[in-house]
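Open the model in your viewer and keep the sequence panel handy. This tour moves from one selection to the next and says what to look for at each stop.

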Amino acid sequence: MTRSVWLKADDAVGDWDARRKRITAGLEAGVDWVLVDAEDVGRVRELGDVNVAAFTDGDTRVIDEAEPRAEPDAYVVGKDGEGDGTVDLPADFSGSADLSTLRRDDDRADGAYVRIFNEGYEEFAGAAAQEADYTIVVGEDWTIIPLENLIARIGDETELIAGVTTAEEAETAFETLEIGSDAVLLDTDDPDEIRKTVEVRDAAERETLDLDWAEVTAIERTGSADRVCVDTGSLMDHDEGMLVGSMSRGLFFVHAETAESPYVASRPFRVNAGAVHAYVRTPDGGTKYLSELKSGDEVQVVDTEGHTREATVGRVKIEKRPMFRVEVEFGDGDRVETLLQNAETIKVATSEGRKAVTDLEAGDELKVYREGGARHFGEAVEESIIEK
């Protein structure tokens, strides 16, 4: 599931100066959507590149061909209407003006905004979700139970967006019923809270991997090969690196070059990942050949506990270098291997701590990510394959 953060920045926030400051903080933090009043769409576009949703009363709108950027990416109905309690809910939802707007075949409304005052509004949100691409629900006196009910009831029919005011509330929304909302609508002026909420979104997106131990059975010098250094646009911590290997079923944990040495400065943005033929794991759970990587691609960064995050490739350096062949064996007898450069700066994770590949010996235990199946164009497939 792809999570997202929406930022509320309509006139309820204050004048344009207050709204602009909130939107700017959101853009700097990396929010996905900004929710504003329709007249502010053009001004938001001028501030930066972000998805823009706009409240609408459902009236027919004519696109101004001279100002196409003034059109939002989505219209949301419910403000100053039934959704926020300004207009009473009808006893029979078939007579709802908001729902009628959502049911139209035109572009008058893509989403619904509903404040949950009581069980009736929860039912109204469920009805809106049947018609809306986006359903925003903001709890008033009670929040968790309605969200649980809506998550269980709605399924994949809409993108469910939970109203929150803090990063802590966002974390709860993303974890509710172990499924969580698809997104949150954040209502705060605090730049730190906006940044923390984006961090919560990123953490909710990331997988945690189980890394296994495998025993080194062979470490031997080979000839030279075309070696790949992956230089990212991110600084990695001392316990972080990437998963690389010659065989898709077993990827070796290779540390980033965060350690200082008497001869070479640390390069914490870099992983010296191996030869051009090897795989590297990507954030979507796929793999790419190291030879395929280029600036702008994303790779997965992982720490020694298996926590992951994504990093953008800034540069790939390919040079001919002498190599080691490293072979390891799992407890069930399966063996995998990879090529790593013969250099003291290349470190792997062992049961005794990080260790230079030049110091490896038979019997050392290395951290390896083990995955069943085969790979076809980087995607895991269920088929028989022999790698040796």
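Select β10 and β11 first: they form a hairpin, with 2 residues between the two strands. Keep in mind throughout that this is a predicted model. β10 covers residues 240-247, and β11 covers residues 250-255. The two strands pair in the antiparallel sense over 5 bridges. To see one pairing up close, pick V244, whose bridge partner in β11 is F252.

**The other neighbours of β10**

Stay on V244 and add β13, residues 279-281. β10 and β13 run antiparallel and are joined by 2 bridges, and V244 has V280 as its bridge partner in β13. V244 therefore makes a handy landmark, with F252 as its partner in β11 and V280 as its partner in β13.

Next, bring in β15, residues 298-303. β15 also pairs with β10 in the antiparallel sense, over 2 bridges. Here the residue to click is E240, which has D303 as its bridge partner. Now colour β10 by accessibility: how many of its residues are buried? The count is 8 of 8, so the strand is mostly covered.

**A stop at S234**

Step back along the chain to S234, in the loop between β9 (211-232) and β10. Show what surrounds S234: leaving aside residues up to four places away in sequence, S234 touches P268, F269, R309 and A311. Draw a distance from S234 to P268, and the C-alpha to C-alpha value is 8.2 Å, although the two are 34 residues apart in sequence.

**The barrel**

Now hide that region and select β1 through β8. These 8 strands make a closed barrel, in the order β1-β2-β3-β4-β5-β6-β7-β8, with parallel pairing. From one strand to the next, the twist averages 30 degrees.

Walk around part of the barrel, strand by strand:

- β1 (residues 4-8) and β2 (residues 33-37) pair in the parallel sense over 3 bridges. Select W6 to find W33 of β2 standing opposite.
- β1 and β8 run parallel and are joined by 4 bridges. S4 has A183 as its bridge partner in β8.
- β7 (residues 159-164) and β8 also run parallel, again joined by 4 bridges. V164 stands opposite L186 of β8.

While β8 is selected, show its side chains. Which residues point one way from β8, and which the other? A183 and L185 take one direction, V184 and L186 take the other, and all of them are buried.

**Helices on the barrel**

Add α1, residues 16-29. This helix lies across β1, β2 and β8 (183-186), and runs at about 165 degrees to β1. Then add α4, which lies across β5 (111-116) and β6 (134-139) and runs at about 170 degrees to β5.

Go back to α1 and show α7, residues 191-205, beside it. The axes of the two helices come within 9 Å and cross at roughly 35 degrees, and the crossing is right-handed. For the residues where they meet, select R22, A25, G26 and A29 in α1 together with P191, I194, R195 and V198 in α7. By class, this contact has 5 nonpolar, 1 polar and 2 charged residues.

**Two nonpolar cores**

Next, look at what is packed inside. The largest nonpolar core has 45 residues, and I23, V31, V34, V36, L102, L160 and V184 touch the most other members. Helix α4 (residues 119-129) contributes the largest share of this core, 5 residues.

Zoom in on V34. Not counting residues up to four places away in sequence, V34 touches L7, A9, I23, V50, N51, V52 and A53. A second, separate core has 34 residues; select F324, V328, A343 and I346 to see some of its members.

**Zooming out**

Finish with the whole chain in view. It has 7 helices and 22 strands, and its C-alpha trace spans about 75 × 40 × 35 Å along the principal axes. Of the 388 residues, 49% count as buried. What share of the contacts with a separation of 6 or more joins residues 24 or more positions apart? In this chain the share is 61%.

Key: Residues are numbered from 1 along each chain as its sequence is written. This is a predicted model: local features need pLDDT of at least 70, side-chain atom pairs count only at pLDDT 80 or more; totals for chains, interfaces and linings use all residues. Side-chain values use heavy atoms; hydrogens and water are left out. A nonpolar core is a set of buried Ala, Val, Leu, Ile, Met, Phe, Trp, Tyr and Cys residues joined through side-chain atoms within 4.5 Å. Buried means under 20% relative accessible area, exposed over 50%, partly exposed in between (1.4 Å probe, protein chains only). Contact means heavy atoms within 4.5 Å. Axes are lines fitted to C-alpha atoms, for helices over the stretch in contact, and angles run from 0 to 180 degrees between N-to-C directions. A crossing is left-handed if the near helix is turned anticlockwise from the far one by less than a right angle, and right-handed if clockwise. Ala, Val, Leu, Ile, Met, Phe, Trp, Tyr, Cys and Pro count as nonpolar, Asp, Glu, Lys and Arg as charged, and the others, Gly among them, as polar.
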